[in-house]
Amino acid sequence: MRERFWELPLAELDADEWEALCDGCGRCCLVKLQDEDSGEVAFTNVACAYLDDQGCRCTVYAERQRYVPDCMRVTPDLAEHFDWLPVTCAYRRRAHGQALNAWHPLISGRADSVREAGISVAGRVVSERGVADDDLEEHIVHWVG
């Protein structure tokens, strides 16, 4: 990968560079609820069943659409226009011309910096396998922005 590729416009990144932007926080894998009237998105502490809740990576990433058909593939256009990506998300930040946060592994040089900064979902989530749809509102959290 090119040096400091994360500072380039998203359209100039190759597939490997694009994937490397992910900080591994796991926040995009949380179940989100959207208010039908206001459109406001609320995050829950309920994670996709395929999220490794300690490593914060998808256990079926290469085939995730096969297992979870509505799992959205983040693209530069989606990163720019969808507000369900957390404000800390590198894809969203770069799509809006913002720099990566100091805790991002590409900046810090350490994967643990995401957890140390309190951004990672590790140890803070439950699997969707154990939560009924009717109970999702009870799992809304405010630590995801």
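The lining of the second largest pocket comprises six nonpolar, four polar and four charged residues; here Ala, Val, Leu, Ile, Met, Phe, Trp, Tyr, Cys and Pro count as nonpolar, Asp, Glu, Lys and Arg as charged, and the others, Gly among them, as polar. The model is predicted, so local features need pLDDT of at least 70 and side-chain atom pairs pLDDT 80 or more, whereas totals for chains, interfaces and linings use all residues. Residues are numbered from 1 along each chain as its sequence is written, and side-chain values use heavy atoms, without hydrogens and water.

A pocket is an open set of points on a 1 Å grid over the protein atoms alone, where a 1.4 Å probe fits, with protein on both sides within 12 Å along at least five of seven lines; lining residues have an atom within 4 Å of a point. Grid points are joined across faces, edges and corners, and a volume is the space filled by probe spheres set on the points.

| Pocket | Volume | Closest lining residues to centre |
|---|---|---|
| Largest | about 1,100 Å³ | C28, C29, C71, M72 and W84 |
| Second largest | about 190 Å³ | D23, G24, G55, A111 and V114 |

Helix 6 (residues 112–116) gives the most to the lining of the second largest pocket, with three residues. For the largest pocket, strand 1 supplies the largest share of the lining, five residues. Helices (H or I, at least four residues) and strands (E, at least two) are DSSP runs, numbered from the N terminus.

L85 is in contact (heavy atoms within 4.5 Å) with C28, F43, V74, L78, A79 and R92, leaving aside its neighbours within four places in sequence.
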